[in-house]
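These are my notebook entries on one structure. I looked up cysteines, nonpolar cores, a helix pair and one buried position in turn.

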Amino acid sequence: MQLKRLPTKETIGLILAHSTNLKNKRISKGTLLDSDIVRSLINAEISEVTCAVPDKGDIHEDEAANIIAMAIDKKKSFLGLASTGRVNFKTSSLGIVRYKRSVIKELNLIDQSIAFSIVQHNQLLARNDLIATLKIIPFFISKSSVEKAVKLIKKSELFSFFELKKRGCGLIQTRFNWQKTDIFKATASVTKNRLENLDCHITEEKVIEHDKDEIAKNIRKFADKKTEILLISGASAIIDKTDDIPKAICQEGGTILQYGLAVDPGNLMLIGKLRNMTIIGMPGCARSPKLNGLDWVLQLLLANIKISKDELAEMGAGGLLMEIASRPLPRSLNKKFYKTKKIVGALLAGGNSKRMGKVNKLLVKIDGIPLVRKIAIEMLNSNLDKCQVVLGYQADKVAKVLKDLPVQFLINPFWENGQSSSIKTAVANLNSEVSDLLVMLGDLPGIKRDHLNYLIQNHTQDGASHNIISVPSYKGQRGNPVIWGEAFFPDLGRLEGDTGGRALFSQHPAAMNLIEMQDDCVVKDTNTPEAFELWLKRPHDG
């Protein structure tokens, strides 16, 4: 493929290489130039445009993406149709994805025009979650590169998806007489919810004395009932293979497959076998719902993947489970153990509207009222629990047009440092009851309460809002406002410069929740006098 600057009248049937703005419309890059579009360009007195011209033997991005994608997914279980050279692969059920890094690497080395990205090895995914994406980067790619990719995929499977199967699980908790009963109720609740997230359940549970013979007797009873997975939470941690729980397993004729796990938290885990029953000596951290080694082992078991020493040793790569917000579970699964939601909206009204010249855009009237008041009223009429307004530049003037509204005013003394300082001011004034923060920019005149409510509903519907970032989009373009779960408040509080929260998107790709909107209000701002004029002239309801 080559990029060529050509006379506009000669470009019919070619691909536009760069987006072009006309007076009343925008022609996006990648558009096939037909006679109508070329006529529009000529009428706009655009005499030349840059086009993507295929070389001999080149294939269009969509055709190439479809060919490679169908080789990857012969059963068409996961793939969608190509658009702009991209094919997404999505799950049809709950399960885990597995692959060899070397094969992914080999595919991506065939041609820099081919980019195949996939989630982590052994990643747990819910139904309709994204497994991988294949992107043909330029508008055209050589046929020979596509053929090489197909040949590799036929030789080596690119990834496998293992659906989780329901299993009957038992739970034994051992106790000392001096221990309070509350801890056992809490552990049972956490364990049940952990299994329910994996579409599994506990068939029977017992709390027994922490005694080797008592433990052995109950292990035998669960095995007799053909329990498939037995979880044992000890009154004290298993500190060696000769401790009471492993001794009890061996006493009944069972074997110890592994003691100790290269995952932290989760080191003190034991895996044993008695007849057809897998026994897991739970680490102490499993009393908490936070991700730990038990989660990973359970996922392998339910996916019917053999638990071998090699498999467990490999978990050490990536097994340091740091507290990062997007790690614990897919957002549609992580829906337990969280407080009642309280969503606060922060209207950022502290900037000095540099691109508006001497005019403060927030005070410009739209539909007869100042823009900032118009937005604040929509926020107050929405399902937000509270509305903050962060003030800075001309704080007294902005506050004056809002003084009769039930909003909380916050002063950002560092507003000249950029948008990040206003976000930090908002976050610093949140109390522990707030689970989510909607960050509203002050230059989106088309935002209505219905838009806000749609975003809020989508953000909160799966119960995992505390660790997702909900971003509205229109025809693939990301917009505002953005809703941040509580897990990201610390990151927001560390922002610097005039970047806003978008600087964090690339750091948390698994947490991104893109919400497609039906109109362009989320991407139409009024940063300049020209943008304001266009907005005022466009047909819209008041």
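**Entry 1: cysteines.** I began with Cys-200, which is buried at a relative accessible area of 5%. I noted that the model is a predicted one. I then searched the whole structure for disulfides, and the search returned 0. For Cys-200, I looked up the nearest cysteine sulfur; that of Cys-169 is 3.7 Å away, and Cys-200 is in no disulfide. A disulfide requires the two sulfur atoms to be within 2.5 Å, so the 3.7 Å separation of Cys-200 and Cys-169 does not qualify.

I checked Cys-521 next. Its nearest cysteine sulfur belongs to Cys-387, at 17 Å, and Cys-521 is likewise in no disulfide. Cys-521 is buried, with a relative accessible area of 3%.

**Entry 2: nonpolar cores.** Which residues touch the most other members of the largest nonpolar core? I found Met-379, Met-440, Ile-469 and Trp-484, in a core of 58 residues. I also asked which strand gives the most to this core. Strand β20, spanning residues 343-349, does so with 6 residues.

I followed Ile-469 further. Setting aside neighbours within four places in sequence, I listed its contacts as Val-482, Ile-483, Trp-484, Phe-488, Phe-505, His-508, Ala-511, Met-512 and Asn-513. Trp-484, one of these contacts, is also among the core members named above.

I recorded another core of 34 residues, lying apart from the largest one. Its members include Cys-169, Leu-171, Ile-307 and Leu-321. Cys-169 is also the residue whose sulfur is nearest to that of Cys-200.

**Entry 3: helices α2 and α4.** I compared the axes of α2 (residues 61-72) and α4 (residues 143-155), which come within 9 Å and cross at roughly 10 degrees. Angles under 35 degrees count as roughly parallel, and α2 and α4 are therefore roughly parallel to each other.

I then listed the residues that make the contact. From α2 they are Ala-64, Ile-67, Ile-68, Ala-71 and Ile-72, and from α4 they are Val-146, Ala-149, Val-150 and Ile-153. How many residues of each class does this contact of α2 with α4 have? I recorded 9 nonpolar, no polar and no charged residues.

**Entry 4: Thr-187.** I located Thr-187 in helix α5, residues 182-196. Is Thr-187 buried or exposed? I found a relative accessible area of 1%, below the 20% cut-off, so Thr-187 is buried. Not counting residues up to four places away in sequence, Thr-187 touches Gln-173, Ser-233 and Arg-287.

Notes:
Residues are numbered from 1 along each chain as its sequence is written. This is a predicted model: local features need pLDDT of at least 70, side-chain atom pairs count only at pLDDT 80 or more; totals for chains, interfaces and linings use all residues. Side-chain values use heavy atoms; hydrogens and water are left out. Axes are lines fitted to C-alpha atoms, for helices over the stretch in contact, and angles run from 0 to 180 degrees between N-to-C directions. Helices (H or I, at least four residues) and strands (E, at least two) are DSSP runs, numbered from the N terminus. Angles under 35 degrees count as roughly parallel, over 145 as roughly antiparallel, 65 to 115 as roughly perpendicular and the rest as oblique. Contact means heavy atoms within 4.5 Å. Ala, Val, Leu, Ile, Met, Phe, Trp, Tyr, Cys and Pro count as nonpolar, Asp, Glu, Lys and Arg as charged, and the others, Gly among them, as polar. Buried means under 20% relative accessible area, exposed over 50%, partly exposed in between (1.4 Å probe, protein chains only). A nonpolar core is a set of buried Ala, Val, Leu, Ile, Met, Phe, Trp, Tyr and Cys residues joined through side-chain atoms within 4.5 Å.
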